[in-house]
Each structure stands twice: as structure tokens, then as C-alpha cells.
Amino acid sequence: MEEYTPAYFTTGEFAKLCGVTKHTLFHYDSLGIFSPAVRLDNGYRYYTVAQIEVFNVIHMLRELDMPLSDIKAYLDRRSPQELVSLLKTEEEKLHSRLKSMQRMEKLIHRKADLTCQAMQLDLDSIGPVAMPKAYLVLTESVPLTNDQNVALSMTNHIRYCDAHNISSPYSIGSLIRQEAIAAGRFGDYSFFYTQLMGKPGKIPVFVKEAGTYLTAYHTGGYETLYQTYERMMAYAHKNGYRLGEYFYEDVLLDDLSVKGYENYVLQISIRIEEIHRSQEC
């Protein structure tokens with residue numbers, strides 16, 4: 001029977017085999033984490049086939065963001081029991097990361113869909129649009145008497161969402177009462193909101209009921225936003241619509257896709273509660 005002799009690799013060969021640089025192997029060696037199996041008097045260093053699996057586990061732990069100091073601490077006390085404990089701990093962390101990545105993937109996919117839909121809109125259109133039920137997380141607005149109060153209201157809303165781990169592909173929207181618009185108080189917002197992707201958990205929400213909403217779109221900046229509201233009120237009056245309590249102001253395209261407030265695309269909608277029969281066609 002032939003005597004088994006392990007295959008040896010130079011540092012360059014082993015690095016190429018494992019998909020890393022020689023510098024990585026030198027660094028691991030200097031830290032005492034992973035060293036060549038053989039060192040000759042002439043300075044040559046060699047790794048063995050048996051070391052490939054060990055290196056792969058170390059490399060995997062690094063890809064899971066485990067600090068090199070923690071990896072060294074484990075190797076200093078290594079045992080089968082310690083390995084099982086380490087891998088189970090990393091498995092739990094990886095499972096949590098995967099859930100987070102899947103949630104992020106859904107957010108990105110939905111944001112792309114919303115942007116594509118906004119690009120296809122007829123921005124000059126105005127009229128009734130069927131809308132599904134939506135769940136909104138609300139925070140009250142402080143009186144918007146100046147830009148500082150606008151920033152404060154937005155900050156309060158963002159902090160509330162962060163505190164409740166709310167992530168959404170929808171931009172922050174706002175609610176303004178119909179009576180405020182009718183009185184010409186176009187910046188008198190009642191609430192800021194974030195629309196959820198699905199049904200909420202324990203956090204309290206405002207339900208935007210499914211129904212037909214008078215809808216229009218606005219571009220050109222916030223300074224002229226009142227013109228779109230006035231156009232909507234005139235349209236509702238002409239067609240005999242009795243409108244709901246709140247206008248919903250949603251930003252469809254913002255700084256993520258356009259440059260400057262004047263290029264934002266806003267959707268303004270309000271539920272049509274009733275059409276007066278005398279006005280019906």
C-alpha cells in the first residue's frame with residue numbers, strides 16, 4: 001500500500017484556490033488565526049488540502065461580519081462543543097439578516113413599481129379614481145406657521161416611525177381637512193402619515209377606506225399647490241360631489257428620482273361620498 005502524502009500548496013496557489021489574496025493569508029498568519037502547515041528554513045510556506053475546509057469556515061465567519069478578534073478567541077478555545085455553539089449562534093444571526101434582506105427586497109421592488117406607475121400618469125388629468133383600502137400611520141402636525149414648524153412635524157413623524165420599526169416604500173404624505181382648503185388655508189395640515197405595505201400589527205393606524213376618490217396631480221412646486229386644490233374644488237362643485245373630510249397629499253416622485261421641489265409629482269385625492277342626483281348624467 002502506498003503511503004499517503006498530503007498535497008502542499010504555496011501561498012499563491014492556496015490563495016488562488018480559496019479566492020483570496022496572498023495579503024489576506026499573511027494577515028491571518030500575523031494575527032495567529034490561520035497559519036501555513038509547513039515553514040521551511042529557507043522561508044517557504046506551504047498549506048495542505050486539509051486546511052482548505054478550516055479556511056473556508058473562517059472566511060464564512062468573516063463574511064458574516066464576525067470580528068477577527070472573535071474568530072481568534074474561538075480558535076484558541078476550539079472544541080467540537082464550541083464549534084456547534086458558534087455555528088448555531090451564527091445561524092440565528094444569519095436567519096435574522098435574511099428576514100431583513102427579504103423585507104428590504106420587497107421595499108425596493110414596491111418602490112420601483114410605484115415609480116414606474118408615476119411615470120405613466122397623465123399629470124393633467126382630474127376625475128374619479130377607484131382606490132383600495134390603505135393603512136396609514138399618523139402623527140399630528142404642529143401648526144405650520146413657518147418652515148421650522150414643517151421640519152419639526154416631519155421630524156416628529158420620522159422619529160415615531162423609527163421608534164416603531166416602520167419601513168415603507170411610500171413617501172411621507174399629509175392629511176388636510178376639506179374645510180381648511182375651502183377656507184383657503186392650503187398649508188393647514190392636520191397629520192403626516194406613512195402608508196404601510198400591508199395590514200398593521202399592534203401599532204394604531206388610520207384606515208383610508210376603499211372607494212372612489214376625486215384625484216388630481218400637481219407639479220411645479222409647493223408654491224402653486226393651491227391652484228390644484230382650487231381646481232379640484234371647482235370640479236367637485238361642477239359635478240355635484242359631496243366630498244369626504246380629508247384631502248390626501250401623496251408625493252409620487254421626490255428627490256430620489258427628480259431634482260428640486262419644482263419637479264416633484266404630487267397626487268391629491270379625496271373620497272367622493274355622494275353625487276347629488278340633480279347633477280348626475
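The legends below describe close-up views of a predicted model. In this model, local features need pLDDT of at least 70 and side-chain atom pairs count only at pLDDT 80 or more, while totals for chains, interfaces and linings use all residues. Residues are numbered from 1 along each chain as its sequence is written, and side-chain values use heavy atoms, with hydrogens and water left out.

**View A. The two faces of helix 2, residues 22–31.** Helices (H or I, at least four residues) and strands (E, at least two) are DSSP runs numbered from the N terminus. Leu-25, Tyr-28 and Asp-29 are buried, meaning under 20% relative accessible area, with exposed over 50% and partly exposed in between (1.4 Å probe, protein chains only). These three lie on the same side of helix 2 because they cover an arc of only 100° around the axis, taken from the directions from the helix axis to the C-beta atoms. His-23 and Ser-30, on the other side, are exposed.

**View B. Surroundings of helix 2.** Its buried residues pack against helix 1 (11–18), strand 2 (38–39), strand 3 (45–48), helix 3 (50–63) and helix 4 (68–76), with contact meaning heavy atoms within 4.5 Å. Gly-32 follows helix 2 and has a positive phi, near 75°.

**View C. Asp-250 in strand 10, residues 241–253.** Asp-250 is buried and has no salt bridge (a side-chain nitrogen of Lys or Arg within 4 Å of a carboxyl oxygen of Asp or Glu). Lys-208, the nearest side chain of opposite charge, is 4.6 Å away; Lys and Arg count as positive and Asp and Glu as negative, and His and the chain ends are not counted. Among the residues that Asp-250 touches are Gly-173 and Val-265.

How values were computed:
Lists of a residue's contacts leave out its neighbours within four places in sequence.
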